[in-house]
Amino acid sequence: MKFSINRQAFLKNLADVQRAIPSKTTIPILTGIKLVVSQEGITLTGSDSEVSIEIFLPVEHEELQLSIVETGSIVLPARFFGEIVKKLPQNTFTLETNEQLQATITAGSAAFTLNGLSAHDYPQLPEVEKDHVLTLPVPLFRQVILQTSIAVSTAESRPILTGIHMVIANNQLKAVATDSHRLSQRIIPLEMPETSNALTFEITLPGKTLIELSRIIDGLETIDFAITENQVLFQTETLSFYSRLLEGRYPDTDRLINDQFNTAITVVASDLVAAVDRASLMSHTDKNNIATLSINENRILLTGNSPEIGKVEEEITVENYEGASLDVSFNPDYLKDALRLFGSSEATIQFLEANRPFTLTLKDNHSDIPYSFIQLVTPVRTFNG
């Protein structure tokens, strides 16, 4: 096979495919990237058997400056191939293979030869039936991923919690994540075909996988979403992104969310983020990493304390306060992560008791869906509380 292509345009797509390629694997060929060249364009494939990414580079895309001389296929070592293309001296390069599965990559006076493998030995991508396909607006879907992924667990002891749980029912998509210390939920309406109105799916996708997907699809308008028993396929005109589902039963998070509260404050989220950040300067020096909010009708005080280093106190400005006095201790990093999702909007924080999870919601929520965006943070028990 032989083709020439614009180096920068190729690198962008190559980097997206490389997101699926493992650094270590028991299947050596998966450390390679598969190239299939046809008269229509080039298909790049990377996979770690859990996630597979396939991107098609069509000849008609002008920015690619793609010229196909001869069709064919090969698997090249992804890391070396990527580094070579990155360091080539000119904006266009040519790749040509021979019958010994060697690829020669040339640009200007530089020429590299890479040993490859047969593309016929590369594992087949899974078959995903497209009987039920949802079309999602990319900006909104990326927002859902961003707002829920903060609460995904990093502990492998409970693999199901390393995912984002998605429920598709009643023309809505509910996404929720929890690491058992905090929870983030977002619900968005779906425009579904009349034939799909009764569709119900409940799946859990790896959080890391969805974060990678959100990076790849940035700037696109829509993406198709097809679901099978143990696999999902996200697809655009030139991208196919496959992911395995996490096995197991996700905990019932609905029971954690309720309207009851004894104390509530409304704050400008960005102002409180800055204050909590200052408090955490002290709390981070202590192995427990705890900050405390003392709420009463006279003032609301945020405290960060380290017995070895010192203490910080800051009075918090609130837009509204109602209910009973309360002292609540919490991990400041969890509260900062949650508050940052509100930007500079006003957030309402509702407390039930000092040792019960407290909730964060938008003060002005324009959605008519209950709990369309809600964060829960579990307080830290202290010797006093």
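## Exercises on a three-domain model

Q65 is partly exposed, with a relative accessible area of 45% (buried means under 20%, exposed over 50%, and partly exposed in between, using a 1.4 Å probe and protein chains only). Keep that residue in mind, as Exercise 4 returns to it.

This is a predicted model, in which local features need pLDDT of at least 70 and side-chain atom pairs count only at pLDDT 80 or more, while totals for chains, interfaces and linings use all residues. Residues are numbered from 1 along each chain as its sequence is written, and side-chain values use heavy atoms, leaving out hydrogens and water.

### Exercise 1: Lay out the domains

Find how the protein chain is divided into domains, and the distance that separates the centres of domain 1 and domain 3.

*Step 1.* Domain 1 covers 1-119, domain 2 covers 131-252 and domain 3 covers 256-375; these bounds come from an automatic or database domain assignment.

*Step 2.* Taken over C-alpha atoms, the centres of domain 1 and domain 3 are 49 Å apart.

*Step 3.* Now turn to the record: UniProt, in an unreviewed entry, places the feature "domain: DNA polymerase III beta sliding clamp N-terminal" at residues 1-126. UniProt positions follow the numbering used here, feature names are shortened, and annotations may be inferred rather than shown by experiment.

*Step 4.* Residues 1-126 are 17% helix and 43% strand, and their end C-alpha atoms lie 26 Å apart. Helices (H or I, at least four residues) and strands (E, at least two) are DSSP runs, numbered from the N terminus.

### Exercise 2: Trace a sheet and its helices

Work out the strand order of the open sheet that contains β1, and say which helices lie across its strands.

*Step 1.* The order is β5-β1-β7-β8-β9, five strands with antiparallel pairing (two strands pair if DSSP finds at least two bridges between them). At the edges are β5 (67-70) and β9 (110-115), each pairing on one side only.

*Step 2.* On average, neighbouring strands of this sheet are turned by 20° against each other, direction ignored. Axes here are lines fitted to C-alpha atoms, for helices over the stretch in contact, and angles run from 0 to 180 degrees between N-to-C directions.

*Step 3.* Zoom in on one pair: β1 (residues 2-6) is joined to β5 by three bridges, and F3 has I68 as its bridge partner in β5.

*Step 4.* Add the helices. Helix α1 (residues 7-18) lies across β1 and β7 (92-97), at about 95° to β1. Helix α2 (residues 78-87) lies across β7, β8 (102-107) and β9, at about 170° to β9.

### Exercise 3: Follow an enclosed strand

Explain why β2 is described as largely enclosed, then list the strands that pair with β2.

*Step 1.* Five of the six residues of β2 (residues 32-37) are buried, so the strand is largely enclosed by the rest of the structure.

*Step 2.* Six antiparallel bridges connect β2 with β6 (residues 72-77); L35 has I74 as its bridge partner in β6.

*Step 3.* Four antiparallel bridges connect β2 with β3 (residues 41-47), where V37 has I42 as its partner. Three residues lie between β2 and β3 in this hairpin.

### Exercise 4: Check two loop residues

Q65 and N170 both call for a look at the backbone: what are their phi values, and where are these residues found?

*Step 1.* Q65 has a positive phi of about 50° although it is not a glycine, and sits in the loop between β4 (51-58) and β5.

*Step 2.* N170 is likewise not a glycine and has a positive phi of about 55°. Its loop runs between β11 (163-169) and β12 (172-178).

*Step 3.* Recall that Q65 is partly exposed; N170 counts as exposed, at 67% relative accessibility.

### Exercise 5: Look around two residues

Decide whether I29 and S243 are buried or exposed, and name their contacts.

*Step 1.* I29, in the loop between α1 and β2, counts as buried at 11% relative accessibility.

*Step 2.* Leaving aside neighbours within four places in sequence, I29 is in contact (heavy atoms within 4.5 Å) with V75, L117, S118, D121, Y122 and P123. The C-alpha atoms of I29 and N115 are separated by 12 Å, with the two residues 86 apart along the chain.

*Step 3.* S243, in strand β17 (residues 239-244), is buried, with a relative accessible area of 1%.

*Step 4.* Not counting residues up to four places away in sequence, S243 touches E50, V51, L205, P206, T209, N230, Q231 and V232.
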